[in-house]
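User: I have this model open and I'd like a close look at one small part of it. Could you start there, and then show me what surrounds it?

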Amino acid sequence: MASSFACFLLLCFLLFYTSPSLARTPFRPKALLLPVSKDSSTLQYLTHFNQRTPLVPVKLTVDLGSAFAWIDCEKGYVSSSFRPVRCDSALCTLVNSKMCTSECYGSPKPGCHNNTCDLAPGNTVIRLSTTGQVGQDLVSLQSTNGMNPGKLVSVRNFVFSCGSTFLLEGLANGVTGMAGFGRSNISLPVQFSATFGFSKKFAICLSSSAQSNGVIFFGDSPYVMLPNNVDLSNSLTYTPLKLNPVSTAGTYFEGESSVEYFIGVKSIKINGKEVKLNKTLLSIDKEGNGGTKISTVKPYTVLETSIYKAVTKAFVKEMKGVPRVAAVAQFGVCFNSKNIGSSRVGPAVPPIDLVLEGKKVLWRIWGANSMVQVNNEVMCLGFVDGGSELVTTPVIIGGHQLEDNLLQFDLATSRLGFSSSLLFRQTTCSNFNFTSV
């Protein structure tokens, strides 16, 4: 109820400033889109849009689990439309700020104003946080009908936090911040839906290729892919999104819940056979430990050690004599790839099922998402041992397992829709038609 009221306030606040523009331009989009690319060096997923006045392109690392966007304001941030968010403002309360800069010792500029609301922007790749002032500026991105890009639209009061240049460490080349998609009042999907009044949903489709873009949709379906104009929204399976009552952010205040997306994994099967593991780890306890979350900043699925050992042992058993080879880099289980066949959904290996909440709900991970070709002769199981000490979340589903799967996050009903591998439908996430009509 409180979340709904906060979103109502955000809608009122954004419309107060955007309504003059909308009055002049009757076009009101039903959905928006952003391209998303894979950086081959860091394996991060990147998106970009235009921001500021005059507009400049801004490239950001996509983070499903962050509450808001942060952008480096220390290096070359110039904009006539930037406005700081004042400490005593309703918006400062809405963004859930617990900090304030009373006096900034420097000339006024983005990131340095007196009496300005603060948040804690963080680099979730290297787990480093700082404080940063909250600001608003113009953002421009494309609308869509679900099949093609449409007209450019503007969000004139996009809320974000100024970050510091040192927070860019470990991020992909050319990136100037991170785009937060989490369950908060000022994440990208919530702000965009509040501005234009469309469904509080977003869908993400990550390409497995560093040469071709995937796509992020904001708003309702359709989600149409070439070559056969298949609408992926017609074949989604749904499971509830779980709320972790304790924040999993690097920096947080007592009493804050997590903004990350958790799902209820009840068990894991390999080749249809249930893996024996400690199922108590799969539930979130009152301290916020346990459960399964979805991440775009982890390149591969990370498992707590006992779960990792159980899964890899069962997987090796089902490979039935395929020669193992020495482990490579972060992967503990590797095979001679010459002994592994191919199928329509990638390497012909035993499928891995995440058994979810709901009647007979399975998220099946096929070979294209379970295996990683590390060189011409070696293929490894793309799961990583996360250790056994101080592991808050024992199962983190990483980017490789999400690629060429469409995931729809419905924030209003708190449920996840997922497609499983699009290769079965003879398409991929790089097959959205980015050609404007």
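Where does Glu 260 lie, and between which two strands?

Analyst: Quick note before we dive in: this is a predicted model, so local features need pLDDT of at least 70 and side-chain atom pairs count only at pLDDT 80 or more, while totals for chains, interfaces and linings use all residues. Residues are numbered from 1 along each chain as its sequence is written, and side-chain values use heavy atoms, with hydrogens and water left out.

Now for your residue. Glu 260 sits in the loop that runs between strand E17 (237-242) and strand E18 (262-263). (Strands, E, of at least two residues and helices, H or I, of at least four are DSSP runs, numbered from the N terminus.) Being in a loop doesn't tell you whether a residue is covered, so let's check that next. Glu 260 counts as buried because its relative accessibility is 10%. The scale goes like this: buried is under 20% relative accessible area, exposed is over 50%, and partly exposed is in between, using a 1.4 Å probe and protein chains only.

So who's around it? Setting aside neighbours within four places in sequence, Glu 260 is in contact (heavy atoms within 4.5 Å) with Gly 65, Arg 183, Thr 248 and Lys 293. With Thr 248 there is also a side-chain polar contact of 2.5 Å. That term means N or O atoms within 3.5 Å; within protein, one must be able to donate a hydrogen and the other to accept it, and residues adjacent in sequence count only if both atoms are side-chain atoms.

Keep Arg 183 in mind while we zoom out. The protein chain is split into domain 1 (31-222) and domain 2 (236-418), with bounds from an automatic or database domain assignment. Their centres, taken over C-alpha atoms, are 28 Å apart. Domain 1 puts 35 residues into the contact, and domain 2 puts in 31.

Together the two domains bury about 2700 Å², and carbon and sulfur atoms give 59% of that. (Buried area is the accessible area, 1.4 Å probe, that two parts lose on being put together, summed over both.) Here's Arg 183 again: along with Leu 64 and Leu 206, it supplies 27% of the area that domain 1 buries against domain 2, more than any other three residues.

What about charges? Three salt bridges are counted between domain 1 and domain 2; each needs a side-chain nitrogen of Lys or Arg within 4 Å of a carboxyl oxygen of Asp or Glu. Elsewhere to look: the side chains of Lys 201 and Asp 410 form a salt bridge at 3.9 Å, N to O. Polar contacts across the interface come to 15 residue pairs, with both residues at pLDDT 80 or more. On the domain 1 side, strand E3 (56-63), helix H3 (188-196) and strand E13 (201-205) are the elements that give two or more residues to the surface touching domain 2. E13 gives the largest share there, five residues.

For contrast, try strand E1 (residues 31-38). Seven of its eight residues are buried, so E1 is largely enclosed by the rest of the structure. Six antiparallel bridges link E1 to strand E14 (residues 214-219), and Ala 31 has Gly 219 as its bridge partner in E14. (Pairing takes at least two DSSP bridges.) E1 also pairs antiparallel with strand E2 (residues 45-51), over three bridges.
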